Structure formats: structure tokens, C-alpha cells
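Me: I should like to learn how to read a model of this kind, feature by feature. Could you take me through one?

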2 protein chains.
Amino acid sequence: MVLLRESVGQALRRTRTEQSRTLRDVARDARVSLGYLSEVERGQKEASSELLNSICEALGLTLGSLMNEVTLEITSAETAKLVVVDAA
Amino acid sequence: MVLLRESVGQALRRTRTEQSRTLRDVARDARVSLGYLSEVERGQKEASSELLNSICEALGLTLGSLMNEVTLEITSAETAKLVVVDAA
């Protein structure tokens, strides 16, 4: 099962590492705790919509561009699962 | 500020009403409480990723197709805000 919070976490982590930034740096800019950001990135916690916006802002992303990336990832994972089911 | 939970709620409600289904019907199929579904649709509660998948399944939607609709809505709202800022 594809989980939204996991795709969101992966996209946030990918963006942060592409910017060569640390969890501490982004958490400070987003005014969230380092532990919170880390759990969100690992897909262990659902980010609240307000804090998701703060994290996007800290990364210089719009919510729309993040969700675009998330949607592509979810759609691709769902398609991969359909292929596996077809082949079974 | 565009909030993810509000866009998700609007897309869920729009899909349900297009199918002429009641909150009670979809909540039962998704195995969530009617109050929970109602709060999610009104953007008052963040749906957990697991329950969001159950609601999508009850509506015959993939998570990817829901998120595609949500992303279009968020992007359009963000663009509208940019236009307002430019005009100011």
C-alpha cells in the first residue's frame, strides 16, 4: 500500500539532500524540531498541513511543486504494483 | 495560505457528491466514522495516510488520482495568489 506520508517524506528528504542541507538547518528555518522533521522525512509522522507549509518554505518550494513530485511518485508506485499483479 | 488538508477534503467531497453518495455510505465502506469523514471533507482534520487510502478505496479512486486532483487545485490556488500579489 502506498502511503501519502511516506511519499511526502521521501520528496522532502530528496529536496533537502539535493540542497546539501542538514536536518538541523531546515528544521531551524521551518521552526520545527529536528526530531519532528526527521520523523516526517522517514514517513513515520503525518506532517500537519501548517508545518508542511513551513517546511516547504524553508526549502524554497511551493506546496504545489512538492505535491506534484509526490503525485508522480505515488502514480509511478501504483503503476508498478499493477504490473506486478498482472504478471502474477 | 493553501492547506493540504483543505484541498484533500474538497477533492474527497467533490468525488463523493459526483457519485451522489452520502457521508454515511462512504464512511461505512471506508470503515471510518461518519464524524471523521465529515471533518476530513471540511478540512478540519488531517486524515491519516492509512484512512485516506480506505476512503479512496471506498470512492473507487486510486490515491494517485486523488493527489493529482489535489495538486492541480493547489497549483491553481497558488497561481491565483501570485496574480493578486502582482496586481497589488
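Me: How is chain B laid on chain A, by what turn and what shift along the axis?

Reply: To relate two copies, one superposes them and reads off the rotation and the translation. In this predicted model, a turn of 180 degrees and a shift of 0.0 Å along the axis lay chain B on chain A, with an RMSD of 0.0 Å. The two copies are therefore related as by a two-fold rotation axis. Both copies use the same surface, since 100% of the contact residues of chain B recur in chain A.

Me: How many residues does each chain bring to the contact, and which elements of chain B give two or more of them?

Reply: The size of an interface is often given as the accessible area lost when the parts come together. Here one may count residues instead: 21 from chain B and 21 from chain A take part in the contact. On the side of chain B that touches chain A, the elements giving two or more residues are helix 1, helix 4 and helix 5 (63-87) of chain B. Helix 5 of chain B gives the most, with nine residues. By character, the residues on this side of chain B are nine nonpolar, eight polar and four charged.

Me: What pattern does chain A follow along the sequence?

Reply: One lists the secondary structure elements in order. Chain A has five helices and zero strands, and its pattern is α-α-α-α-α. Its C-alpha atoms fill a box of roughly 45 × 25 × 20 Å along the principal axes. Of its 88 residues, 35% count as buried. Among contacts in chain A between residues at least 6 apart in sequence, 62% join residues at least 24 apart.

Me: Where does UniProt place a domain in chain A?

Reply: An unreviewed UniProt entry places the feature "domain: HTH cro/C1-type" at residues 12-66 of chain A. Over residues 12-66, chain A is 69% helix and 0% strand, and the end C-alpha atoms of this stretch are 8 Å apart.

Me: Which residues of helix 3 of chain B are buried, and why do they lie on the same side of the helix?

Reply: One looks at the directions in which the buried residues point from the helix axis. In helix 3 (residues 34-41) of chain B, the buried residues are B:Leu37, B:Val40 and B:Glu41. Because they cover an arc of only 95 degrees around the axis, they lie on the same side of helix 3 of chain B. Their cover includes helix 1 (4-18), helix 2 (23-30) and helix 4 (49-59) of chain B. After helix 3 of chain B comes B:Gly43, with a positive phi near 75 degrees.

Me: Why does B:Val40 count as buried, and which residues does B:Val40 touch?

Reply: B:Val40 counts as buried because it has 24 C-beta neighbours inside 10 Å, where 20 or more are required. Leaving aside residues up to four places away in sequence, B:Val40 touches B:Gly9, B:Leu12, B:Lys45 and B:Ala47.

Me: What is the phi of A:Arg31, and is A:Arg31 buried or exposed?

Reply: Most residues other than glycine have a negative phi. A:Arg31 has a positive phi, near 55 degrees, and is placed in the loop between helix 2 (23-30) and helix 3 (34-41) of chain A. A:Arg31 counts as exposed because it has 11 C-beta neighbours inside 10 Å. For B:Arg31, phi is likewise positive and near 55 degrees; B:Arg31 lies in the loop between helix 2 and helix 3 of chain B, and is exposed, with 11 other C-beta atoms within 10 Å.

Technical notes. Residues are numbered from 1 along each chain as its sequence is written. Chains are lettered from A and ligands numbered from 1 in the order in which they are written. This is a predicted model: local features need pLDDT of at least 70, side-chain atom pairs count only at pLDDT 80 or more; totals for chains, interfaces and linings use all residues. A residue is buried if 20 or more other C-beta atoms lie within 10 Å of its own, exposed if 12 or fewer, and partly exposed in between; C-beta atoms are placed from the backbone. Helices (H or I, at least four residues) and strands (E, at least two) are DSSP runs, numbered from the N terminus. The arc is that of the directions from the helix axis to the C-beta atoms. Two residues are in contact if their C-beta atoms, placed from the backbone, lie within 7 Å. Copies are superposed by least squares on the C-alpha atoms of residues with pLDDT of at least 70 in both. Ala, Val, Leu, Ile, Met, Phe, Trp, Tyr, Cys and Pro count as nonpolar, Asp, Glu, Lys and Arg as charged, and the others, Gly among them, as polar. UniProt positions are given in the numbering used here, feature names are shortened, and annotations may be inferred rather than shown by experiment.
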